[in-house]
Amino acid sequence: MVVIARNLAEGARAPCILRLPTSGSAAMPEVLVVYYSRGGSVARLARHVARGIGEVDGMVARVRSVPPVAPVTQAAAPPVPDDGAPYVEARDLQECTGLLIGSPTRFGNMAAPLKHWIDGLGGDWASGTLVGKPAGVFTSSSSQHGGQESTLLSMMLPLLHHGCVIVGIPFTEPLLSSTRTGGSPYGASHVAGARDDQPVDDDEAYLARALGRRVAMLAGRLA
Ligand SMILES: Cc1cc2nc3c(=O)[nH]c(=O)nc-3n(C[C@H](O)[C@H](O)[C@H](O)COP(=O)(O)O)c2cc1C
């Protein structure tokens with residue numbers, strides 16, 4: 001079944017075509033992309049990661065987001081986000097063959113909403129939902145040296161607890177050595193500027209696609 005889902009935090013400008021599995025049927029293997037994005041930069045990077053997944057024969061991206069968390073009172077998330085990808089559900093993790101998670105850099109670490117989602121995955125950890133599945137990470141920050149790499153590493157730690165096979169970007173990608181903005185061996189990244197308004201540049205987009213391709217390729221081999 002092919003559906004047109006709302007685009008990643010960019011309104012209706014460029015609809016994101018996602019293939020969702022028909023329940024109970026042998027659908028194409030999917031790689032799950034889960035992100036949190038408040039200002040839209042991580043969502044934009046997620047779109048490039050998803051494109052890379054789609055470049056691998058027979059692989060499909062399933063893009064999901066996580067809701068914000070309320071700092072003071074407990075608030076139930078609305079069933080559908082105002083914009084961006086649908087919220088991730090338990091079955092998304094169970095059905096994926098690989099996984100990529102993305103978060104803004106916040107004080108050199110992942111943002112609380114993504115961590116909050118991860119902290120709710122105890123059942124999946126116990127049952128081994130993600131064991132042996134390849135996984136990658138991506139981030140966006142305002143400044144180039146504002147903690148992208150520590151954020152990417154912070155996102156890898158719970159993935160290791162879940163038994164994922166961590167996938168980075170090898171230096172055989174020549175752009176990794178020449179990029180003057182984002183992109184690192186630890187994962188894809190974007191330097192969004194102080195106003196969080198810089199577009200994802202060509203190098204960042206290429207390296208994000210390369211990471212998506214690599215996770216999808218390995219997911220296809222390991223599945
Ligand atoms: C609470 C908070 C902490 C942040 N910490 C950092 C930081 O440590 N380093 C940095 O470069 N940018 C930092 N930023 C900026 C965001 O990482 C940046 O704007 C990012 O692109 C936001 O992604 P989004 O548009 O997907 O929400 C911070 C922003 C907020 C709100």
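A residue counts as buried when 20 or more other C-beta atoms lie within 10 Å of its own.

**View 1. The whole chain, a predicted model.** By the cut-off of 20 or more C-beta neighbours, 43% of the 223 residues count as buried. The secondary structure comes to seven helices and nine strands. Contacts reach far along the sequence: among those between residues at least 6 apart, 73% join residues at least 24 apart. The average pLDDT of the chain is 88, and 85% of the residues score at least 70. Residues 1-25 are a separate case, with pLDDT below 50. Beyond near neighbours in sequence, this stretch has 44 contacts in the model. Where pLDDT is low, predicted coordinates should not be read in detail.

**View 2. The shell around the ligand.** The ligand has 20 residues around it. Those that come nearest are S37, G39, P104, S141 and G146. Three elements give two or more residues to the shell: α1 (41-54), β5 (98-106) and β7 (134-141). By residue type, the shell divides into 12 polar, five nonpolar and three charged.

**View 3. Helix α1, a contributor to the ligand shell.** The helix has 14 residues. From first C-alpha to last, α1 reaches 20 Å, close to the 20 Å expected at 1.5 Å a residue. Is α1 enclosed or open? Of its 14 residues, 12 are buried, so the helix is largely enclosed by the rest of the structure. The buried set runs through S41, V42, A43, R44, L45, A46, R47, H48, V49 and A50, then adds G52 and I53.

**View 4. The largest nonpolar core.** This core holds 54 residues. Which members touch the most others? They are V31, V33, V49, L100 and V215. The elements that give two or more residues are β3 (30-35), α1, β4, β5, α3 (112-119), β7, α5 (148-161) and α7 (202-222). Helix α7 supplies the largest share, 11 residues.

**View 5. L100 and its contacts.** Neighbours within four places in sequence are left aside here. L100 is in contact with V31, V33, V49 and V215, each of them, with L100, among the core members that touch the most others. Its other partners are A135, G136, V137, F138 and G212.

**View 6. I118 in helix α3.** This residue is buried, with 22 other C-beta atoms within 10 Å. L159 sits 41 residues away along the chain, yet the C-alpha atoms of I118 and L159 are separated by 9.1 Å.

**View 7. P81 and A85 in the loop between β4 (60-65) and α2 (90-95).** P81 is partly exposed, with 17 other C-beta atoms within 10 Å. Not counting residues up to four places away in sequence, P81 touches S65, P67, P86 and Y87. The C-alpha atoms of P81 and S65 are separated by 8.5 Å, with their positions 16 residues apart along the chain. A85 counts as buried, because 26 C-beta neighbours lie inside 10 Å. The C-alpha atom of A85 is 9.3 Å from that of R62, and these two are 23 residues apart along the chain.

**View 8. Two positive phi values, at F107 and D196.** Most residues other than glycine have a negative phi. F107 is not a glycine, but its phi is near 50°. It lies in the loop between β5 and β6 (109-110). F107 is exposed, with 10 other C-beta atoms within 10 Å. D196, also not a glycine, has a positive phi of about 55°. D196 lies in the loop between β9 (188-191) and α7. With 16 C-beta neighbours inside 10 Å, D196 counts as partly exposed.

**View 9. P170 in the loop between β8 (165-166) and α6 (175-178).** Is P170 buried or exposed? It counts as exposed, because 10 C-beta neighbours lie inside 10 Å. S184 is 14 residues away along the chain, and the C-alpha atoms of P170 and S184 are separated by 8.8 Å.

Technical notes:
Residues are numbered from 1 along each chain as its sequence is written. This is a predicted model: local features need pLDDT of at least 70, side-chain atom pairs count only at pLDDT 80 or more; totals for chains, interfaces and linings use all residues. A residue is near a molecule or strand if its C-beta atom, placed from the backbone, lies within 6 Å of it. Helices (H or I, at least four residues) and strands (E, at least two) are DSSP runs, numbered from the N terminus. Ala, Val, Leu, Ile, Met, Phe, Trp, Tyr, Cys and Pro count as nonpolar, Asp, Glu, Lys and Arg as charged, and the others, Gly among them, as polar. pLDDT is the predictor's confidence in each residue, from 0 to 100. Two residues are in contact if their C-beta atoms, placed from the backbone, lie within 7 Å. The expected span of a helix is 1.5 Å times one less than its number of residues. A nonpolar core is a set of buried Ala, Val, Leu, Ile, Met, Phe, Trp, Tyr and Cys residues joined through C-beta atoms within 7 Å.
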